[in-house]
Amino acid sequence: MAYLDQQNAVVILHPHKPSAVNAQLVADVPLASYEYLAETTRTVLNMVAHDVLVRYPHLKVVVPHCGSFLPNALPRFRSLLPVMVKQGMMQPVDVDANLSRLYYDLAGAPTDEVLDALLTITTPDRILYGSDYPYVAEPVLISGKQALESRLASHGLNPKDVFTDNARRLFGENLPLRQYGEKIVRLAEIEVVPEHLEEYMAFAKEVGETSVKVEPGVLTLFSMQTKEDPCKIYILEIYADQEAYQSHIQTAHFKKYKEGTAKMVKSLKLIDVNPLAGMVR
């Protein structure tokens with residue numbers, strides 16, 4: 001997990017036949033109808049229970065098969081957690097922070113009822129198309145695409161987002177180089193009061209990590225110290241567009257940073273720049 005975290009990895013889960021399984025049960029009930037979903041749900045709840053996605057915040061995980069049994073299991077997990085913690089049987093964990101690292105694919109059977117359930121645990125920007133190809137035949141996938149697009153739209157989901165754009169945002173760092181468009185590129189030049197330097201850096205780290213994690217329009221917040229004077233801080237800021245920047249400065253985490261560091265900053269200068277290379281990954 002530590003290595004995957006260092007690589008900013010996107011981990012795509014997929015279940016298999018459980019190693020401890022009743023042979024007769026498997027013969028009577030297809031694995032894909034229950035065991036695969038149960039194994040996936042068990043895996044995700046295990047990660048949440050151990051705070052894995054908080055301890056390794058650069059990981060992103062794709063949950064297959066429309067969230068498996070999570071829409072039913074997560075409310076139960078939430079209700080049981082404080083009881084189990086009180087009895088000393090579990091450690092406190094940040095459920096929402098763990099869940100914020102999850103994405104969901106639509107492989108399997110994304111019926112109206114399943115989509116309704118999935119939207120109780122996630123948001124439209126975290127839903128991705130999934131095919132289960134080649135286990136689902138190509139003609140079936142092609143013939144079902146139009147029906148799926150119509151079903152997505154009826155649930156307020158943009159088919160283009162689900163089939164294309166959400167995945168592009170998720171895997172953005174692995175896509176080919178793209179030209180700068182209307183992006184905002186800025187360098188913040190900050191001088192911090194020496195006695196508040198350590199406290200300021202904690203605020204800067206928190207707002208940087210949170211912004212990039214939860215705001216698709218915040219592409220980069222990269223902080224640097226000069227070697228000559230550690231109190232001189234530079235932050236490279238890249239936003240998708242003006243709307244993304246305006247949205248960013250209204251967020252609770254940015255306001256917390258702004259208000260919390262007001263007494264720590266001796267000077268602040270915002271420098272709008274033109275990237276000469278004109279390319280970004």
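This short talk describes two helices, one loop residue and one cavity in a predicted model.

Good morning. I shall begin with helix α5, which covers residues 70–86. What span should its 17 residues have at 1.5 Å a residue? The expected value is 24 Å, and the end C-alpha atoms of α5 are 24 Å apart, so the two agree. Please keep that agreement in mind as we turn to the bend in this helix. At L80 there is a kink of about 35 degrees, and the proline P82 follows shortly after that point.

Which residues of α5 are buried? They are L70, P71, A73, L74, F77 and L81. When you look at this list beside the structure, one general point is useful. An α-helix has 3.6 residues a turn, so residues three or four places apart point the same way. As for their partners, the buried residues of α5 pack against the helices α3 (35–49), α6 (95–99) and α7 (112–118), and also against the strands β2 (60–63) and β3 (102–105). Just after α5 comes G88, whose phi is positive, at about 75 degrees.

The second helix is α8, made up of residues 138–154. It also has 17 residues. From the first C-alpha to the last, α8 reaches 25 Å, close to the expected 24 Å. A kink is found here as well: it is centred on K145 and amounts to about 40 degrees. Just after α8, the glycine G156 takes a positive phi of about 75 degrees.

Let us now consider a single residue outside the helices. T122 sits in the loop between α7 and β4 (127–128). Is T122 buried or exposed? Its relative accessible area is 13%; the limit for a buried residue is under 20%, and T122 is therefore buried. Leaving aside residues up to four places away in sequence, T122 touches Y104 and I127.

Finally, I come to the interior space. How many cavities of 30 Å³ or more does a search of the whole structure find? The search finds one. The largest cavity has a volume of about 30 Å³, and its lining consists of F203, E206, V207, H253, K256 and Y257. Two helices, α10 (197–214) and α12 (252–260), are the elements that give two or more residues to this lining. By character, the lining residues divide into three nonpolar, one polar and two charged.

Thank you for your attention.

Terms used. Residues are numbered from 1 along each chain as its sequence is written. This is a predicted model: local features need pLDDT of at least 70, side-chain atom pairs count only at pLDDT 80 or more; totals for chains, interfaces and linings use all residues. Side-chain values use heavy atoms; hydrogens and water are left out. Helices (H or I, at least four residues) and strands (E, at least two) are DSSP runs, numbered from the N terminus. The expected span of a helix is 1.5 Å times one less than its number of residues. The bend at a residue is the angle between axes fitted to the seven residues ending there and the seven starting there. Buried means under 20% relative accessible area, exposed over 50%, partly exposed in between (1.4 Å probe, protein chains only). Contact means heavy atoms within 4.5 Å. On a 1 Å grid over the protein atoms alone, a cavity is a set of points where a 1.4 Å probe fits but cannot get out, and a pocket is an open set with protein on both sides within 12 Å along at least five of seven lines; lining residues have an atom within 4 Å of a point. Grid points are joined across faces, edges and corners, and a volume is the space filled by probe spheres set on the points. Ala, Val, Leu, Ile, Met, Phe, Trp, Tyr, Cys and Pro count as nonpolar, Asp, Glu, Lys and Arg as charged, and the others, Gly among them, as polar.
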